[in-house]
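Please look through the sequence and the model below before reading on. The paragraphs after them go from one helix outward to the rest of the protein.

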Amino acid sequence: MTSHYADNLTNQPFQSKCRYSVSLDHESFSFCASHFITFPIFSETSFQKKKNFSTIFSSEKKELEPLHGHDFRVRAIIFGFLNQNHYVLDFIAASEILKSVLAPFQHKILLAENHPQFRYESKSVDGVTELEVRFQKSDGKVKRWIFPQEDILLLPLENTTTEEMARIIAVDFFERITKGGLLEFPPEHYNLFLELEESRGMSAQIFYNPNSQFSSFSACDDNLALFSWRR
């Protein structure tokens, strides 16, 4: 008996017009960590003198918010075509990879390695490696902390914003599922949506593929409706 869907199917899943997605959304995709971000200090005078907002935000010295923590949570959606096994990728294997990406963040103080106002120096005191952190404030004064080195995760960022952390998590995750052989087709035929939530209703999202401008985000030739994730 022939199915009435037969005319819409193909022996080559990659040739299908439809793109599918696999969603990874579980409480285990989370980590508890501390951070602080910097933000620009500017006055009404600075707005009057500088008409270009990008100049204001990039040139003014930054102030630092207090060190604080979050229970971060990650959600990832991988978009692609069905492979010969009729799925996008093995989401159990992808789940394990995502957990391994997040593991180094757990119970760490997250610091921006490339921030121009931070200075870092490792020291050994009584056999314990410590990291001295210095931040030059806008008034010229220096704020100083000493942390156990093992409690620190230096990230290759200029600021530990949720947006920037979402980016490095997405890049690492996509590279690992690619190198791990989870993608049957070339990487450019997949897209990754990743959301990093720092508190309920407060999150940052990134669409990532190193070889795509995301103009191909579509499902069955219709525009893909993207929505805010709320629990």
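Against which elements do the buried residues of H3 pack? They pack against E1, E4 and H4. The model in which this is seen is a predicted one. The protein has 231 residues, of which 38% count as buried, and its secondary structure consists of four helices and 13 strands. Among contacts between residues at least 6 apart in sequence, 70% join residues at least 24 apart.

Helix H3 is a convenient place to begin. H3 has twelve residues, which at 1.5 Å a residue should span 16 Å, and the C-alpha atoms at its ends are indeed 16 Å apart. Its buried residues are Ala94, Ser95, Ile97, Leu98, Val101 and Leu102. Viewed down the axis of H3, these buried residues fall within an arc of 165°, so they line one face of the helix. At the start of H3, a side-chain oxygen of Asp90 comes to within 3.0 Å of the backbone nitrogen of Ile92.

One buried residue of this helix can be followed further. Leu102 lies in H3 and has a relative accessibility of 2%, which means that Leu102 counts as buried, the limit being under 20%. Apart from neighbours within four places in sequence, Leu102 is in contact with Phe29, Ser30, Phe31, Val74 and Ile169. The C-alpha atoms of Leu102 and Ser28 are 9.7 Å apart, although 74 residues separate the two along the chain.

H3 also carries a charged pair. The side chains of Lys99 and Glu96 form a salt bridge, with 3.4 Å from N to O. Both residues belong to H3 and lie three residues apart, about one turn of the helix. An α-helix has 3.6 residues a turn, so residues three or four places apart point the same way. Lys99 is partly exposed, at 33% relative accessible area, and Glu96 is partly exposed too, at 46%.

The next topic is the nonpolar interior. In soluble globular proteins, nonpolar side chains tend to be buried together. Here the largest nonpolar core has 40 residues, and the members that touch the most others are Leu24, Phe31, Leu89, Phe173 and Leu194. At least two residues of this core come from each of strand E1 (20–35), strand E4 (68–80), helix H3 (91–102), strand E9 (152–155), helix H4 (162–179), strand E10 (191–199) and strand E11 (202–208). H4 gives the most, with eight residues.

Which residues does Leu24 touch, not counting those up to four places away in sequence? They are Phe29, Val74, Arg75, Ala76, Ile78, Phe91, Ala94, Ser95, Leu98 and Phe173. Apart from this core there is a second, separate one of eleven residues, which includes Leu64, Ile109, Leu131 and Trp145.

The salt bridge in H3 is not an isolated case, as the count of salt bridges comes to seven. In helix H4, the side chains of Arg176 and Asp172 meet in one of them, at 2.9 Å from N to O. Arg176 and Asp172 are four residues apart in H4, about one helical turn. Arg176 is partly exposed at 31% relative accessibility, and Asp172 is partly exposed at 23%.

A further salt bridge connects two strands. Arg144 pairs with Glu132, their closest N and O atoms being 3.3 Å apart. Arg144 lies in strand E8 (residues 142–148) and Glu132 in strand E7 (residues 128–136), so the pair ties together parts that are twelve residues apart in sequence. Is each partner buried or partly exposed? Arg144 counts as partly exposed, at 47% relative accessibility, whereas Glu132 counts as buried, at 4%. Both residues take part in a network of salt bridges that links Lys123, Glu132, Arg134 and Arg144.

A loop residue completes the tour. Gln117 is found in the loop between strand E5 (108–112) and strand E6 (118–125). With 10% relative accessibility, Gln117 counts as buried. Its side chain reaches the backbone oxygen of Gln136 at 2.7 Å.

Technical notes: Residues are numbered from 1 along each chain as its sequence is written. This is a predicted model: local features need pLDDT of at least 70, side-chain atom pairs count only at pLDDT 80 or more; totals for chains, interfaces and linings use all residues. Side-chain values use heavy atoms; hydrogens and water are left out. A nonpolar core is a set of buried Ala, Val, Leu, Ile, Met, Phe, Trp, Tyr and Cys residues joined through side-chain atoms within 4.5 Å. Buried means under 20% relative accessible area, exposed over 50%, partly exposed in between (1.4 Å probe, protein chains only). Contact means heavy atoms within 4.5 Å. The expected span of a helix is 1.5 Å times one less than its number of residues. The arc is that of the directions from the helix axis to the C-beta atoms. A polar contact is a pair of N or O atoms within 3.5 Å; within protein, one must be able to donate a hydrogen and the other to accept it, and residues adjacent in sequence count only if both atoms are side-chain atoms. A salt bridge is a side-chain nitrogen of Lys or Arg within 4 Å of a carboxyl oxygen of Asp or Glu.
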